[in-house]
Amino acid sequence: MNSITIQPASSVKGEIVVPGDKSISHRSVMLGAIANGVTTVRGFLRGEDNMATMDAFRAMGVRIEDDGETVAIYGQGLHGLKEPADIIDCGNSGTSIRLLTGLLAGQSFFSVLTGDQYLRKRPMKRVVEPLARMGARIMGRDKGTLAPLAISGGALNAIGYESPVSSAQVKSAIMLAGLYADGETSVREPDLSRDHSERMFRLFGASLDVFKNGVKVRGGTELTGQEISVPGDISSAAFFMVAALITAGSELLIRNVGVNPTRTGIIDILRSMGGRIELQNEREVSGEPVADILVRSSQLKAIDISGSVVPRAIDEFPAICVAAACAQGRTTVRDARELRVKETDRIAAMATNLRILGVPVEECADGMDILGAERLDGGAVESFGDHRIAMSLSVASLVSRGGITICDVDCVATSFPSFFPLLEQVAGR
Ligand code: S3P
């Protein structure tokens, strides 16, 4: 378990690009593998989570080539995947295991999915239960609610599902199963979660209708391989946005970032806090909105965060907590219970760590209150094995007294292997 110490910075400056979007990268391999023809992907994120998805499809007989620039996936068609000879290990990746569960439920073979110590604690009932209603046969630990999951794939029937949670992983698992079901499968969620699956299904020629907070997929339609260009991940850009906002004298341009409206909650929240953030050169690439993001240091003020913006910023709360810790006043977060079942319990993890840095935090079941501090104390904090907790605390280090040591930072490789060198670069070191 490696640790790292990050020193305070006098400013954050320059022009950067961040690695490709994790959600879009996962989906490009999944749909590419079950399409007809070759799919090429530029800007693919080579983090551990996405490599787990790639390895899973290789284990099911899909040829995937990577020359370092472009990933080529030789699609096998809807019914061309082969039974894997061994258990598939999804590592730390919730997106891999949940979306694969949906996809594998409709195959004519047996498969087993597992993951690391963190993933094996995360709730799987949210996908197992609706898939079982479609006729899927899935078994797992703790009455089928925890990985490893054993899937006896077979025929599926269409359902109309009202999801109790706003979760793109649940929605996408059901959509993937829906490709194999007899009839029209629909999913509706309380608030709209990220819609990358809807966009990419359409790009590949799937038969689907999108309606308010929901989607309907018609089973049996063959998909066609595509050329995909993956934009930078706004969830990775978020750490640098917060770094530039809270560090005095900063100006940072982050080029080629995905700004899909179901993901831009972070921009809305930081702007409401007084953050100076400009979108430039807005365009559309591979069915996804993209822009360059200019961020300047700003005096932040506390706000109340709740409601439909929460799923639009769900992965950014660790970074938002750091912004709140540097803002004037008490920031409140509510309706964010989902944070408790991410890679770790992110409410508890950020509360524990911010308190070590001298920031008063109160937790509640679905959120927290954070009282902004003049300056953060230095000290030693803990990632709890969660990449986004590690990266948020690294950003906090830039405005700390004397630097912060973050313990257990290997997890950063799941989504952003080049994070630390890039942070040091913009800090002028
Ligand atoms: C993701 C969906 C979100 C998000 C995760 C990626 C996806 O999870 O937190 O990092 O790619 O579909 P939930 O569906 O659990 O909200």
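What is the volume of the largest cavity? Hold that thought for a second, everyone, and hello! A quick word before we go in: what you see above is a predicted model. Now the reply: the largest cavity comes to about 70 Å³.

Let me place that cavity for you. The protein chain is split into domain 1, covering 3–20 + 231–428, and domain 2, covering 22–229. Their centres, taken over C-alpha atoms, are 28 Å apart. Where the two domains make contact, 30 residues come from domain 1 and 28 residues come from domain 2.

So where does the largest cavity sit with respect to domain 1 and domain 2? It lies between them, because both domains give residues to its lining. If you want to find it on your screen, look for Ile 24, His 196, Arg 199, Met 200, Leu 203, Ile 228, Ser 229, Pro 231, Ser 286 and Glu 288, which line it. Two elements, α7 (196–203) and β17 (227–229), each supply two or more of the lining residues. Helix α7 gives the most, with four residues. Sorted by class, this lining has five nonpolar, three polar and two charged residues.

How many cavities of 30 Å³ or more are there? The count is two. The second largest has a volume of about 40 Å³. Around this second cavity you will find Arg 27, Met 30, Leu 31, Leu 99, Leu 176, Ser 197 and Phe 201. Here the elements giving two or more lining residues are α1 (22–34) and α7. This time α1 gives the most, with three residues. By class, the lining of the second largest cavity has five nonpolar residues, one polar and one charged.

Now let's go from the holes to the packing. The largest nonpolar core has 82 residues, and among its members Phe 240 and Met 241 touch the most others. Helix α8, residues 234–246, gives the most to this core, with 11 residues. There is also a second, separate core of 64 residues, which includes Val 41, Leu 99, Val 128 and Ile 138. You have already met Leu 99, by the way, in the lining of the second largest cavity.

Let's stay with Phe 240, which is in helix α8. Is Phe 240 buried or exposed? Its relative accessibility is 0%, so it counts as buried. Leaving out residues up to four places away in sequence, Phe 240 touches Ile 16, Val 18, Leu 252, Ile 254, Phe 416, Phe 419, Leu 422, Leu 423 and Val 426. Try clicking through those on the model. As for Leu 253, which is 13 residues from Phe 240 along the chain, the C-alpha atoms of the two are separated by 9.5 Å.

A handy tip for reading helices: an α-helix has 3.6 residues a turn, so residues three or four places apart point the same way.

One last stop, helix α9. Which residues of helix α9 (residues 265–272) are buried? They are Gly 265, Ile 266, Ile 267, Ile 269 and Leu 270. These buried residues pack against α8, β19 (276–285), β20 (288–296), β21 (304–305) and α10 (317–325). That brings us back to α8, the helix that holds Phe 240. And just after α9, keep an eye out for Gly 274, which takes a positive phi of about 100°.

That's my tour. Thanks for listening!

Key:
Residues are numbered from 1 along each chain as its sequence is written. This is a predicted model: local features need pLDDT of at least 70, side-chain atom pairs count only at pLDDT 80 or more; totals for chains, interfaces and linings use all residues. Side-chain values use heavy atoms; hydrogens and water are left out. A nonpolar core is a set of buried Ala, Val, Leu, Ile, Met, Phe, Trp, Tyr and Cys residues joined through side-chain atoms within 4.5 Å. Buried means under 20% relative accessible area, exposed over 50%, partly exposed in between (1.4 Å probe, protein chains only). Contact means heavy atoms within 4.5 Å. On a 1 Å grid over the protein atoms alone, a cavity is a set of points where a 1.4 Å probe fits but cannot get out, and a pocket is an open set with protein on both sides within 12 Å along at least five of seven lines; lining residues have an atom within 4 Å of a point. Grid points are joined across faces, edges and corners, and a volume is the space filled by probe spheres set on the points. Ala, Val, Leu, Ile, Met, Phe, Trp, Tyr, Cys and Pro count as nonpolar, Asp, Glu, Lys and Arg as charged, and the others, Gly among them, as polar. Domain bounds come from an automatic or database domain assignment.
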